[in-house]
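Me: I should like to understand how the terms applied to a protein structure are justified. Please set each value against its definition before drawing a conclusion.

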Amino acid sequence: MSKLHIVGIGPGSIEYLTFKARKVVESSDILIGSKRALELFDDVNNEKIELGAGNMGEIFKLAVYKACQGNSVTLLSTGDPGFSGVLKPILKLANNIDVEVVPGISSVQICAAKLQISWDDANIITMHGKGISNEIISMLSNGKPTIVLPNKTVDELANFLLENGIDPARNIDVCEKLSYPDERILKTTLKDVVNKKFNYMCVLVIY
Ligand SMILES: C[S@@+](CC[C@H](N)C(=O)[O-])C[C@H]1O[C@@H](n2cnc3c(N)ncnc32)[C@H](O)[C@@H]1O
């Protein structure tokens, strides 16, 4: 049976890439991923296909098709494939092929590590690609820190929370570009993140 590997590459820096990820990539004929994911494997000589926001559906179908044809295909997912990653859409398409998942360090894990939060004591929610969910409002009153992947921008989420009665003085940490040389962790309040500009690579922790 044909096999498609879905490999987590971690938050971005090569230091957080696993040996297993590297080994699977090196043994693949075709490597598919976002620009920042492919850049980690510039020295590996396989066919590379870039995945972008506008071509995801089409490229996922191509990955499955190429694997069905007998090619060894690896699809790279930033962070971990099973958290707001490529695992879910691929499982919907990959009926006739064997899928193997190689886990990666999620942006949630590196965020929790940097802030020394035990994530078994935290609420974890992703809005990435789904839109803002009301579920976060009740979470914010259970006394635990809430780790959030926002949908689009940080200020879109901050405005939503303020409009839904969350205290503007609530503490919030904005963790931007984790693991990259220009990583930034800003400790601030909900009202102070409104109208500030951040990179799309952000994890928030609301206390
Ligand atoms: C498509 S989701 C992928 C999540 C990924 N599967 C994970 O486990 O981290 C992309 C979102 O993850 C978060 N993210 C990914 N890498 C990040 C990083 N290095 N620093 C901060 N946030 C990051 C951002 O919220 C970004 O918009």
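Me: What is the sign of phi at Gln 116, just after helix 5?

Reply: Gln 116 takes a positive phi of about 55°, just after helix 5. Most residues other than glycine have a negative phi. This is a predicted model, in which local features need pLDDT of at least 70 and side-chain atom pairs count only at pLDDT 80 or more, while totals for chains, interfaces and linings use all residues. Residues are numbered from 1 along each chain as its sequence is written.

Me: What makes a stretch such as helix 5 (residues 107–114) a helix, and why is helix 5 called largely enclosed?

Reply: Helices are DSSP runs of H or I with at least four residues, strands are runs of E with at least two, and both are numbered from the N terminus. A residue is called buried if 20 or more other C-beta atoms, placed from the backbone, lie within 10 Å of its own; it is exposed if there are 12 or fewer, and partly exposed in between. Six of the eight residues of helix 5 are buried, so the helix is largely enclosed by the rest of the structure. These are Ser 107, Val 108, Gln 109, Ile 110, Cys 111 and Ala 112. Their cover includes strand 6 (123–126), strand 7 (146–149), strand 8 and strand 10; contact here requires C-beta atoms, placed from the backbone, within 7 Å.

Me: Why is Ser 84 called buried, whereas Lys 177 is called partly exposed?

Reply: Ser 84 has 20 C-beta neighbours inside 10 Å and therefore counts as buried. Lys 177 has 19 other C-beta atoms within 10 Å, so it is partly exposed. Ser 84 lies in the loop between strand 4 and helix 4 (87–93), and Lys 177 in the loop between strand 8 and strand 9 (184–189). Phi is positive, near 50°, at Ser 84, and the value at Lys 177 is likewise positive and near 50°.

Me: What makes Asn 151 partly exposed, and which residues does Asn 151 touch?

Reply: Asn 151 has 16 C-beta neighbours inside 10 Å, and for that reason counts as partly exposed. This residue is found in the loop between strand 7 and helix 7. Leaving aside residues up to four places away in sequence, the residues that Asn 151 touches include Met 127, His 128 and Leu 157. The C-alpha atoms of Asn 151 and Thr 126 are separated by 7.5 Å, although the two residues are 25 apart along the chain.

Me: How do you know that the buried residues of helix 7 line one face?

Reply: The buried residues of helix 7 (residues 154–163) are Val 154, Leu 157, Ala 158 and Leu 161. Down the helix axis they fall within an arc of 100°, so they line one face of helix 7; the arc is that of the directions from the axis to the C-beta atoms. An α-helix has 3.6 residues a turn, so residues three or four places apart point the same way. The buried residues of helix 7 pack against strand 8 (171–176), helix 8 (190–193) and strand 10 (202–206).

Me: What makes a group of residues a nonpolar core?

Reply: A nonpolar core is a set of buried Ala, Val, Leu, Ile, Met, Phe, Trp, Tyr and Cys residues joined through C-beta atoms within 7 Å. The largest one has 25 residues, and Cys 111 and Val 154 are among those with the most contacts inside it. Strand 10 gives the most to this core, with five residues. A second, separate core of 22 residues includes Ala 21, Val 25, Leu 31 and Ala 37.

Me: Why are strand 2 and strand 4 said to pair, and which strands stand at the edges of the sheet?

Reply: Two strands pair if DSSP finds at least two bridges between them. Three bridges join strand 2 (residues 30–33) to strand 4 (residues 73–77), and the two run parallel. Ile 32, for instance, has Leu 75 as its bridge partner in strand 4. Strand 1 and strand 4 also pair in the parallel sense, over five bridges. The open sheet has five strands in the order 3-2-4-1-5, with parallel pairing. Strand 3 (47–50) and strand 5 (98–102) each have a single partner strand, so they stand at the edges with one side left without a neighbour in the sheet.

Me: Why is strand 4 called largely enclosed?

Reply: Five of the five residues of strand 4 are buried, so the strand is largely enclosed by the rest of the structure. Val 73, Leu 75 and Ser 77 point one way, and Thr 74 and Leu 76 the other way.

Conventions. Contact = placed C-beta atoms within 7 Å.
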